[in-house]
Amino acid sequence: MMSLLGIALVLGLLTGAWAQMLLHNVTRPPCDSPDVKAAALVAQDYLNSQHTHGYKYALNQIDDIKIITKPDGSEIYLMEVDLLETTCHVLDPTPVANCTVRPKVVTAVEGDCDVVLRKVGGVMSVTAFKCKTEESTEDLCVGCASLLPLNDTAGLAMVSASLVTFNSKTGKESLFAIMEVGRMSTQVVSGGARYLAEYVIVETNCTANDSDDNCVPLTHAMAKRGFCQVAGVSSLHSIQCDIFAASSMMPIVDTNGTVPVPAPVVHVGILPKVHGLRHHKLTALHDPDRSGLLSAESGESGESEESIVPVVPVVVVPPILAKSNDQG
């Protein structure tokens, strides 16, 4: 009797295991296979579309891949990918494939992401992801520029001063507000501390002739936006701004990428609260269906959610009164 029960138990276990194998056919193809590379690029583009602050990220390498084939023929891709920050802001219309990866010597930023994709009928889509974003500590040199927190007082003072310099040259055209500070760094040179910053500007409803001290950034699709690079100090700096084509711009959206966000009113002389991180992070987690397929390795610690963009005050300075310190 016991023998029959034992045989039945073993058969039951074997049947269950066989059923599980049929239910979940798991394969591990090479990371450099065409299908895996294609899936990784889909993941890259989706992660960038969900990343509404900071810079675009380019695929660096595929660390792991597992494909689960379901009975209905659909496939689940479980991927671990490494991404590198580029010099293209997320509002820059340049395709990420044409963007330059930021060199490690200027403090590169890396993204480590677990991504879940579903392939049905040959169409690949991302269903969940988890990312950790951190600075690279490789190839740093003595005397090179080092990143500053995005709320650094001296750095923001130079950013504000450089905006005055830029707006003083617009003539009767619209003034610009700072939509977001992308990064700030400092470097010690013979004359003392030198600051470098990158930020995005957006057209406002003010002109140089307006006396109103409240300038509202425009949110419509045709509002001008641009990317500025500045170096120096508050009293003496060089600035270069490239204005993006309005037709190629994305609207200001919320963190879910769904609905427009009301633009903040920019008050002269007031600096709103800015986070103290030294770089913008990728969106940390997206798993609406609670799939349970994401590992714990790519989880953020500490301040995990991407912070609100800093807004630096627009100072209305008539061109005839502004003292331009532009060196470039």
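In this predicted model, an open sheet is built from 6 strands in the order 1-2-3-4-5-13, and the pairing within this sheet is antiparallel. The strands at its edges are strand 1 (25-27) and strand 13 (285-286), each of which has a single partner strand, so one side of each is left without a neighbour in the sheet. As background, the strands of a sheet are joined through backbone hydrogen bonds, and their pairing is either parallel or antiparallel.

Helix 2, which spans residues 34-50, packs on this sheet and touches strand 2, strand 3 (75-89), strand 4 (109-120), strand 5 (123-135) and strand 13. The direction of helix 2 makes about 130° with that of strand 2. At the edge formed by strand 1, the pairing with strand 2 (residues 55-69) is antiparallel, and within it Val26 stands opposite Ile68 of strand 2.

Further along the chain, strand 7 (residues 174-189) and strand 8 (residues 192-207) form an antiparallel pair, and these two strands make a hairpin with 2 residues between them. Within this pair, Ala177 has Val202 in strand 8 as its bridge partner. Strand 8 is also joined to strand 10 (residues 225-232), with the two running antiparallel, and here Tyr199 stands opposite Cys228 in strand 10.

The table lists the bridges for three of these pairs.

| Strand pair | Sense | Bridges |
|---|---|---|
| Strand 1 and strand 2 | antiparallel | 3 bridges |
| Strand 7 and strand 8 | antiparallel | 13 bridges |
| Strand 8 and strand 10 | antiparallel | 8 bridges |

Conventions:
Residues are numbered from 1 along each chain as its sequence is written. This is a predicted model: local features need pLDDT of at least 70, side-chain atom pairs count only at pLDDT 80 or more; totals for chains, interfaces and linings use all residues. Side-chain values use heavy atoms; hydrogens and water are left out. Two strands pair if DSSP finds at least two bridges between them. Helices (H or I, at least four residues) and strands (E, at least two) are DSSP runs, numbered from the N terminus. Contact means heavy atoms within 4.5 Å. Axes are lines fitted to C-alpha atoms, for helices over the stretch in contact, and angles run from 0 to 180 degrees between N-to-C directions.
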